[in-house]
Amino acid sequence: MADAPTVTEQLASDAVRRHDPDARGFASDNYAGVHPEVLTALALANGGHQISYGGDVYTAHLQDLFRDRFGPDTEVFPVFNGTGANVTALQAVTERWGAVICAESAHVHVDECGAPERVGGLKLLTVPTPDGKLTPELIDRQAYGFDDEHRAQPQVVTLAQTTELGTCYTPEEIAAICAHAHQLGMTVHMDGSRIANAAATLGVPFARFTSEAGVDILSFGGTKNGLLFGECVVVLSPERVRSIRYLRKMSMQLASKMRFVSVQFEALLAGDLWQRSAAHANAMARRLADAVRAVDGVTVSYPVESNAVFAVLPREVTERLQKRFRFYTWDESTGQVRWMCAFDTTEADVDAFAAAVAEEMAA
Ligand SMILES: Cc1ncc(COP(=O)(O)O)c(C=O)c1O
């Protein structure tokens, strides 16, 4: 009787591959797979035993990598995902009566299933913005009632870099927000789920628009830039942050085999992988925006400053396009759609999609 195939043999055969590895769309940077260099790093970290829950050598090395990039007082806490990073970070800079000021479009407000409220026990104070970006003036719409026992106390401003609408703050804009928030006694959190896209757009080191600009605590994203999973809570102002180790565990974000989160960040940050991947995704978004701007009837909604393109087009055209390519309608009321590029989006993908947009608009 022939030996049963090993798992490796099985994996090598098409029989167990249940998807087309060449099919890509524009739905989300999370639809992309794992960058091959990250998979290699994961394999390198495998084998042997290492201390669990962050006592491993990869997590120790990560501290040095982040200190080199953000400053000597930096502390890094790897977690599973972006929602967990945000909820852990925000709890560490608020008291039980604290509130968090954020844009109305913020992921913490619209896309975290109420976790900041339910898991973190936090009141979110939202502000409408034209382009996803807060300003000191917009923050002031919610930054009031200090010392009023009837009002949840504004203690934190959270901003996303890049924003949920694909726009990018300049270092000066962030510095102005931080100065304003600090003057009012508030702390600043950055949701950096796409921080690499921001650094690639701005062409400056991470520190320029985080620690040097006054950001106190950061959710540093990796998944959208080619990791299998994992984000980091990065403490930049330790004097403003409390008890994060306990909060991470309580928030169910403490990975026992942490070396496999940490080594992915090492793969991303030790060389230029973060930059190559993010700059490429950004360039693909710009290519797409340039192509569709030339199509009559398509309006690109916001400046394209990262890997996202938002556009408005007729609903019937969207429906036909969605039969051919995956992407989401972002706002049903206006017909606005979102097209995301990833580290593995190719020029050919973009050109084929842009041609399909032109074709369906003309049909
Ligand atoms: C701005 C922003 N923050 C945070 C996240 C983190 O999400 P998750 O919990 O799915 O990792 C996302 C993911 O879409 C995001 O777009």
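In the predicted model, the chain is divided into two domains: domain 1 comprises residues 9–31 together with 273–362, and domain 2 comprises residues 43–269. The C-alpha centres of domain 1 and domain 2 are separated by 27 Å. Contact between them involves 21 residues from domain 1 and 22 residues from domain 2.

The area buried between domain 1 and domain 2 amounts to about 1800 Å², with carbon and sulfur atoms contributing 53% of this area. On the side of domain 1, W274, Y302 and E305 supply 37% of the area buried against domain 2, more than any other three residues.

Polar interactions also connect the two domains. Between domain 1 and domain 2, 10 residue pairs are in polar contact, counting pairs in which both residues have pLDDT 80 or more. The elements that give two or more residues to the side of domain 1 touching domain 2 are α12 (273–293), β9 (308–312) and β11 (336–340). Of the contributions to this side of domain 1, that of α12 is the greatest, at eight residues. Classified by residue type, the side of domain 1 that touches domain 2 contains 12 nonpolar, six polar and three charged residues.

The salt bridges were examined next. The count for the model comes to 13 salt bridges. A pair formed by R194 and D29 links distant parts of the chain, the two residues being 165 residues apart. R194 lies in the loop between β5 (187–192) and α9 (195–202), whereas D29 lies in the loop between α1 (7–12) and α2 (36–45). The side chains of R194 and D29 meet in this salt bridge with an N to O distance of 2.7 Å. Across the interface of domain 1 and domain 2, one salt bridge is found. With D29 falling within the 9–31 segment of domain 1 and R194 within domain 2 (43–269), the R194–D29 salt bridge joins the two domains.

R194 is also one of the residues around the ligand. The ligand surroundings consist of N81, G82, T83, N86, H107, E164, D191, S193, R194 and K224. For three of these residues, distances from a side-chain N or O atom to an oxygen atom of the ligand were computed. The distance is 2.6 Å for T83, 3.2 Å for R194 and 3.3 Å for H107. The side chain of R194 thus takes part both in the salt bridge with D29 and in an approach of 3.2 Å to a ligand oxygen atom.

Terms used
Residues numbered from 1 in each chain as written. Predicted model: local features only at pLDDT ≥ 70, side-chain atom pairs only at ≥ 80, totals over all residues. Heavy atoms only, no water. Domains from an automatic or database assignment. Contact = heavy atoms within 4.5 Å. Buried area = accessible area lost by both parts, 1.4 Å probe. Salt bridge = Lys/Arg side-chain N within 4 Å of Asp/Glu carboxyl O. Polar contact = N/O pair within 3.5 Å; in protein donor to acceptor, adjacent residues only side chain to side chain. Helix = DSSP H or I, 4+ residues; strand = E, 2+ residues; numbered from the N terminus. Nonpolar A, V, L, I, M, F, W, Y, C, P; charged D, E, K, R; others polar. Near = heavy atom within 4 Å.
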